[in-house]
Amino acid sequence: MTDSPVAIAPGVHWIGALDPQLRIFDVILKTANGTTYNAYCVRGETGVAIIDTVKAEFADTFFEHLEQVARYDEITAIVLNHLEPDHTGALPELMRRAPNARLYISVKAQTMLKGLLKSEDLEYTPVNTGDTVDLGGRTLTFLNTPFLHWPDTQCTYLNEEAMLFSGDVFGCHFCDSRLFNDRVGDFRFSFEYYYQHIMRPFREHVRAGLDLIEPLELSLIAPAHGPILRDAPRSYVQRYRQLAAPLLHNEAADRAKTLLIFYISSYGNTARMALAVRDGAEEVEGVRASLYDLQGGEVAPFVDLIEEADCIVFGSPTINGDAVKPIWDLLSSLAVVNIKDKLGAAFGSYGWTGEAVAMVEDRLRGLKLRVPVRGVKAKLIPNEAELAQCWMLGHQLAEHLTGRNARRVIDMSELLNV
Amino acid sequence: MPKANVTFEDIGVTVSVPAGTRLIEISEKVGAGITYGCREGECATCMMKIVSGMENMSEGSVLEDKVLQENMASRKHRLACQAQVLGGEIVVRPG
């Protein structure tokens with residue numbers, strides 16, 4: 001079937017490529033069913049638009065398909081919904097073959113285009129929500145949908161057919177030559193898996209994108225990967241709305257900020273410090289502080305908790321000059337959730353050198369958390385003064401969370417050993 | 001050495017710093033909400049708003065001005081990884 005282009009409406013064709021053998025996509029995603037690189041050709045009375053291309057290795061297939069539905073000199077528009085190489089691998093050659101075509105990219109894609117084509121001297125039109133391209137009796141309208149899942153991503157709507165060319169949104173890695181969602185095998189888990197790994201870190205942006213998409217009439221959604229959604233397309237939009245909602249119900253949401261303390265302790269010293277941090281935080285009205293011993297938990301549910309939290313605090317001993325592995329395991333598993341701008345902090349007991357606290361603080365800053373209160377470290381058994389520092393750490397974090405932190409003036413020298 | 005006072009409006013902290021200090025040297029350590037990506041003036045993650053005191057900041061380099069323009073920044077925006085304070089009072093916030 002897909003040795004040739006596939007008509008999805010009169011004058012609208014799928015001209016992409018199948019990659020059934022792929023098992024790992026972009027290092028981070030597994031796929032039991034390969035993937036597809038979907039590209040589309042839309043014909044109007046006065047122009048032809050190509051929407052997206054394919055991964056470079058599949059360029060020959062893409063051009064074979066394209067040539068069966070359009071001549072290169074007819075192409076007036078090339079639309080890129082997303083500039084990642086799996087959608088732009090055939091772009092340089094397409095631009096060479098179709099010299100009459102104007103390139104349309106989102107406003108945020110401009111620097112990426114220059115990086116991709118390694119040229120500053122490029123002809124293109126940056127577009128934003130509501131901008132249109134007239135193909136003669138057919139109109140493409142752009143929807144700027146940044147961070148679904150890159151800064152540059154956009155969707156393109158074919159007004160007269162009520163078709164949404166959605167880029168990676170509503171896509172999945174699932175290759176089936178029958179192509180349409182009502183004919184392919186069961187791809188529900190691939191759709192969910194794709195969302196969880198690609199879109200989940202950007203759920204606020206997903207919600208903003210859905211605000212643009214939901215009012216549209218939708219006869220069909222044509223994503224850049226996986227099945228074309230012609231049967232009940234709106235159900236996939238509704239599913240995205242569900243997936244972009246908070247994962248966990250927070251019983252205290254309307255009255256409390258959440259502060260989570262994750263700790264691990266060899267001899268109970270870091271554990272005692274954790275209790276003091278919690279007690280200090282609990283003293284501040286409007287903060288719900290919770291303690292978790294990493295020895296008794298698995299990473300995935302903690303990631304879910306962190307996604308919904310306002311502040312995360314890590315207690316780690318220092319062993320051989322490093323924070324311990326369960327701490328790093330959790331801190332290296334947060335790429336699937338948005339943690340930017342949450343508050344973070346660290347504390348811990350140590351025997352010789354005590355590097356863990358500063359290392360964890362640096363990692364938290366690297367993850368774009370704010371670390372407003374200096375961490376606490378205690379040599380071996382924390383004394384009353386050190387436990388008081390821990391109490392104050394929790395208390396000050398809670399004050400930051402609730403906007404009660406006092407304004408202060410400091411000298412830069414106070415920051416030098418932070 | 002001439003000093004400047006930089007106020008991070010989002011957390012209510014004012015830091016007294018030597019003239020020539022880049023914002024990146026202090027904003028993370030004080031826990032302000034300005035976040036960083038590449039840290040070398042390319043990605044614009046650290047774009048911040050100068051609430052007041054732009055006249056007390058260094059001129060933008062060609063690179064910084066280009067990146068700000070490409071990211072549709074207003075005239076009140078600078079990159080915290082590039083901008084230096086020269087003296088006086090400066091108030092900044094994320095964004």
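The domain assignment divides chain A into domain 1 (6-243) and domain 2 (257-400). The model is predicted. The C-alpha centres of domain 1 and domain 2 of chain A are 42 Å apart. Contact between them involves seven residues of domain 1 of chain A and four residues of domain 2 of chain A. On the domain 1 side, the elements giving two or more residues are helix H5 (188-199) and helix H6 (203-213) of chain A. By class, this side of domain 1 of chain A comprises two nonpolar, two polar and three charged residues.

Chain A as a whole contains 12 helices and 22 strands. Its C-alpha trace spans about 80 × 45 × 40 Å along the principal axes. Of the 418 residues of chain A, 49% count as buried. Contacts were also sorted by sequence separation. Among those in chain A between residues at least 6 apart in sequence, 72% join residues at least 24 apart.

An open sheet of seven strands is found in chain A, in the order E1-E2-E7-E8-E9-E10-E11. Its pairing is mixed. Strand E1 (6-9) and strand E11 (125-127) of chain A stand at the edges. Each has a single partner strand, so one side of each lacks a neighbour in the sheet. On average, neighbouring strands of this sheet are turned by 25 degrees against each other, direction ignored.

The antiparallel part of this pairing includes strand E2 (residues 12-14) and strand E7 (residues 40-43) of chain A, joined by three bridges. Here His13(A) has Cys41(A) of E7(A) as its bridge partner.

Parallel pairing is seen between strand E8 (residues 48-51) of chain A and E9(A), over four bridges. Ala49(A) is bridged to Ala77(A) in E9(A). From E8(A) the chain passes through helix H1 (residues 59-67) of chain A to reach E9(A). This β-α-β crossover is right-handed. E9(A) also pairs in the parallel sense with strand E10 (residues 102-106) of chain A, over three bridges. In that pairing, Val79(A) has Tyr104(A) of E10(A) as its bridge partner. Four of the five residues of strand E9 (residues 75-79) of chain A are buried, so E9(A) is largely enclosed by the rest of the structure.

Strands E12, E13 and E14 of chain A were examined next. Strand E12 (residues 132-134) and strand E13 (residues 139-144) of chain A run antiparallel and are joined by three bridges. Thr132(A) is the bridge partner of Thr141(A) in E13(A). E12(A) and E13(A) form a hairpin, with four residues between them. In the turn, Gly136(A) has a positive phi of about 85 degrees. E13(A) is further joined to strand E14 (residues 154-158) of chain A by five bridges, again in an antiparallel arrangement. Thr141(A) is bridged to Tyr157(A) in E14(A). Thr141(A) thus has a bridge partner in E12(A) and another in E14(A).

Leu158(A) lies in strand E14 of chain A. It has 25 C-beta neighbours inside 10 Å and therefore counts as buried, the cut-off being 20 or more. Leaving aside residues up to four places away in sequence, Leu158(A) touches Val42(A), Arg138(A), Leu140(A) and Met163(A). Val42(A) falls within strand E7 (residues 40-43) of chain A, and Leu140(A) within strand E13 (residues 139-144) of chain A. The C-alpha atoms of Leu158(A) and Leu218(A) are separated by 9.9 Å, while the two residues are 60 apart along the chain.

The contact between chains A and B takes 20 residues from chain A and 18 residues from chain B. On the side of chain A, the elements giving two or more residues are helix H4 (110-117) and strand E22 (408-411) of chain A. E22(A) gives the most, with four residues. The residues on this side of chain A divide into nine nonpolar, three polar and eight charged. Strand pairing also extends between the chains. E22(A) runs parallel to strand E2 (residues 13-18) of chain B, and four bridges join the two. Ile410(A) has Val15(B) of E2(B) as its bridge partner.

Key:
Residues are numbered from 1 along each chain as its sequence is written. Chains are lettered from A and ligands numbered from 1 in the order in which they are written. This is a predicted model: local features need pLDDT of at least 70, side-chain atom pairs count only at pLDDT 80 or more; totals for chains, interfaces and linings use all residues. A residue is buried if 20 or more other C-beta atoms lie within 10 Å of its own, exposed if 12 or fewer, and partly exposed in between; C-beta atoms are placed from the backbone. Two strands pair if DSSP finds at least two bridges between them. A crossover is right-handed if, with the strands pointing away from the viewer, the path from the first strand over the helix to the second runs clockwise. Axes are lines fitted to C-alpha atoms, for helices over the stretch in contact, and angles run from 0 to 180 degrees between N-to-C directions. Two residues are in contact if their C-beta atoms, placed from the backbone, lie within 7 Å. Ala, Val, Leu, Ile, Met, Phe, Trp, Tyr, Cys and Pro count as nonpolar, Asp, Glu, Lys and Arg as charged, and the others, Gly among them, as polar. Domain bounds come from an automatic or database domain assignment.
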